[in-house]
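Hi everyone, thanks for making time. I'd like to walk you through a structure that may be new to you, so let's put it on the screen.

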Amino acid sequence: MSERLAISRRSLLAAIGVGGALLTVPACRSAADESTKSSGTAKKGGTLKIAQSADIAPATLFGQNNPNFTLARTVFNTLTQYDHKTLEPKPSLAESWTQTEDGKSITLKLRKGVTFHSGRAFTSADVRFALENLTKDTTASQLKHVALAISKITEVDAHTITLTLAHPVSNLFDLFEILLIVDKESIDDLLKGTRIIGTGPFEVASYTPGTGFELKRNDAYWKKGAPLLDAVEVSVVGQSASMVSSLRSGGTHLLVDVAPLDAASIKSDDQFEVTVSDAHDSGFYIASNVKVQPLDDKRVRQAVAWAVDRDRVLSQVLGGIGTVTSLPWATNSPAYDKAKAAHYTRDLRKAKALIKAAGAGGKTVKVVYNAGLATNAKIAEIVQYDLTQIGLKAQAEPLQAADFLAKLQAGELPGLFINGHGFGQLHPATLVKGAFPFNADKNASNFDSAKYRELADQLWQATTDTAAKEAADAVNDLLLEEQFVSDLVASSHTFTITKKVQGLGWTMYDYLDLDQTSIG
């Protein structure tokens, strides 16, 4: 691998040691080693039963969408997969790779003997298809910008492919980590959810929209000895408390992202564990549609940032899992700045002064949230109360999940909106070039800034540590000033499990990796 990539990894690892402590996780097990833990003499067979609060959405598999965490890496594979300790990309469907010194070309040697669940052989043509599919207008992905930077794809042979880039990109392996290799022959069925085919450790046996899906072991899986489980059953359970009840009764082994306060209710029970992902990629924020008055005035947006009680959100809603912040980065990100992350604290005096200066006293602002997410609803209650304390008339407006997501992606949410975001944990360019709330080219807030686009491109195309640091510092300053997104808490996804579950793993995008998972 080229020295250019090695330098990038070293700077990322240095940031882990210098940029701040790991997230505070009281009474929960740290998961730094869990994702790579061997199952040792783990028992083979059995069915793992999982509960999650929302149904999968197969049409959104090409980007990060939380309900798909149980489907993405169980049914599909990616080209590479980050090591959790070193953040170095490791082989998956790509066995090895070489990159030119200028960072404009990379050649991937693909794994031989891999087949799709249909029995068709995996080749370089499938990588081409996956990359070209990502560039379509109809495909939503936070890493689309990287795929679009690939100017030429050359299938050298059936198991060798060369990608030529228009310019160097700092987050190429972020793309390889998220790019699911799908079956090109059944893509239309995949988008409809009627036939879901990959190369992963499990095959989809059945899927009932709104209810859940069942997986069975892929006996032809390319990874020796995996998977250990016979099957996986994933059920959609809308109420977090009902998920916990199912875990207690033995009807479920694993809960994905159960509401933190519900998870806290079983932390003292030695039969269960609340495992916190070491990806630290779950940020909670309140953002503004800057086309809606009075949020078109950045002083009002800054006032919101000064008004919200982040400590209350952390303790009362998130059960202490995370750390308060004013920036979107995980503490292990090279863009993280401890001092700047502490910029906004609750200061009603400053907030009131900004509201007065903007002439916004008594103005109405809507606080929109996804009604299907209990965590976001509770954050909305806190935000609504805090905004009334600074002279704004805050009106909570719940939307159903599909409506909220559609309006979020279209930039049509009618005021302030509360949501979660990822992409703060790996290369910073992925967030500012791809994440829906922060995308410099088109974002959910309708924030349009030539300066922001320029800085985002500098961060994306940086080829030295110095250039990357300068761009990240400038991006942080702009985000703190403009406040079209006000980050509140940097947190983590959680996996609440019975201790019968061993060897649970996940990727750095928090996709469940069940290759070595067993039920004791």
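One definition before we start: two strands count as paired if DSSP finds at least two bridges between them. And please keep in mind that this is a predicted model.

With that, let's look at β16, residues 364-370. How many of its residues are buried? Five of the seven, so to speak of β16 as mostly covered is fair, given that buried means under 20% relative accessible area. β16 pairs with β17, residues 393-399, in the parallel sense, and seven bridges hold that pairing. If you want a spot to click on, V365 has A394 in β17 as its bridge partner. Between these two strands the chain passes through helix α13, residues 374-388, and the β-α-β crossover is right-handed.

β16 also has β18, residues 416-421, as a parallel partner, joined by two bridges. There, V367 stands opposite L416.

Now to another part of the chain. Here we find an open sheet of four strands, ordered β5-β6-β8-β7, with antiparallel pairing. Which strands sit at the edges? They are β5, at 94-99, and β7, at 150-157, each pairing on one side only. On average, neighbouring strands in this sheet are turned by 20° against each other, ignoring direction.

Let's zoom in on β7. Its antiparallel pairing with β8, residues 160-165, spans six bridges, and T154 is matched there with T162 in β8. Finally, helix α3, residues 124-134, lies across β6, β7 and β8, and runs at about 165° to β7.

Thanks for listening, and I'm happy to rotate the view for anyone.

Notes:
Residues are numbered from 1 along each chain as its sequence is written. This is a predicted model: local features need pLDDT of at least 70, side-chain atom pairs count only at pLDDT 80 or more; totals for chains, interfaces and linings use all residues. Side-chain values use heavy atoms; hydrogens and water are left out. Axes are lines fitted to C-alpha atoms, for helices over the stretch in contact, and angles run from 0 to 180 degrees between N-to-C directions. Contact means heavy atoms within 4.5 Å. Buried means under 20% relative accessible area, exposed over 50%, partly exposed in between (1.4 Å probe, protein chains only). A crossover is right-handed if, with the strands pointing away from the viewer, the path from the first strand over the helix to the second runs clockwise.
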